[in-house]
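Visitor: I would like to take a close look at a single part of this structure and to follow how it connects with what lies around it. Could you guide me through it step by step?

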Amino acid sequence: MANKGPAYGMSRDVQSKIEKKYDDELEDRLVEWIVAQCGAAVGRPERGRLGFQVWLKNGIVLSRLVNSLYPDGSKPIKIPDAPPTMVFKQMEQIAQFLKAAEDYGVVKTDMFQTVDLFEAKDMAAVQRTLMALGSLAVTKNDGNYHGDPNWFMKKAQEHKREFTESQLKEGKNIIGLQMGTNKGASQAGMSYGRPRQIIS
């Protein structure tokens, strides 16, 4: 990790495209939410992609965030008293956050990989995961979300319909429009234009 050199050629192009996906305005919104959700004790990062990455890198802020979405007594992550300094402990803390976020309801396709955050490979993916987590928290509306509800989009919710047995039987008597209709079906009066003229 520490001895990784600079990227060249196609690797540099790919990395620069990934870095362009990072949204500075979204960073501000996510920082505001994390501070509102966890309290001022988590502090604030320096502005920019690198500052955001350093703030989240040891996994403590992320762990506090996901714990704050649960009621007291059912926190999914144990947070150590002193922030971890060893690399593998920090990566383990991030992995615990990812597991807790998945258990909360964030789908795998919205999850970042540990190295995306730890090595700053794809901070836009980290933003996507936090957005998905915020959207779920707003949608659940269980009283554990703190902050402006307009910061995140509510996810679509299931609207289950119940039909009685008589309503289901009634539906079998109707011909759907997709099947067409047989009322007034006739070819009377149809013309296909002039017949082909054969001149010899």
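Guide: In this predicted model, let us start with Ala120, which counts as buried because its relative accessibility is 15% and the cut-off for buried is under 20%. Ala120 sits in the loop between helix 6 and helix 7, and although it is not a glycine, it has a positive phi of about 55 degrees.

The two helices on either side of that loop lead us to the largest nonpolar core, which has 43 residues, and among those with the most contacts inside it are Phe97, Phe112, Leu130 and Leu133. Helix 6 (114-118) and helix 7 (123-140) are among the helices that each supply at least two residues of this core, and the largest share, 10 residues, comes from helix 7. Phe112 shows how these parts meet, since, leaving aside its neighbours within four places in sequence, Phe112 is in contact with residues including Ile94, Phe97, Leu98, Leu117, Ala125 and Val126.

Three of those partners, Ile94, Phe97 and Leu98, are also among the buried residues of helix 5, and what covers the buried residues of helix 5 includes helix 4, helix 6 and helix 7. The length of helix 5 can be checked as well: at 1.5 Å a residue its 18 residues should span 26 Å, and its end C-alpha atoms are 26 Å apart, which agrees. Helix 5 is followed by Gly105, whose phi is positive, near 130 degrees.

Notes
Residues are numbered from 1 along each chain as its sequence is written. This is a predicted model: local features need pLDDT of at least 70, side-chain atom pairs count only at pLDDT 80 or more; totals for chains, interfaces and linings use all residues. Side-chain values use heavy atoms; hydrogens and water are left out. A nonpolar core is a set of buried Ala, Val, Leu, Ile, Met, Phe, Trp, Tyr and Cys residues joined through side-chain atoms within 4.5 Å. Buried means under 20% relative accessible area, exposed over 50%, partly exposed in between (1.4 Å probe, protein chains only). Helices (H or I, at least four residues) and strands (E, at least two) are DSSP runs, numbered from the N terminus. Contact means heavy atoms within 4.5 Å. The expected span of a helix is 1.5 Å times one less than its number of residues.
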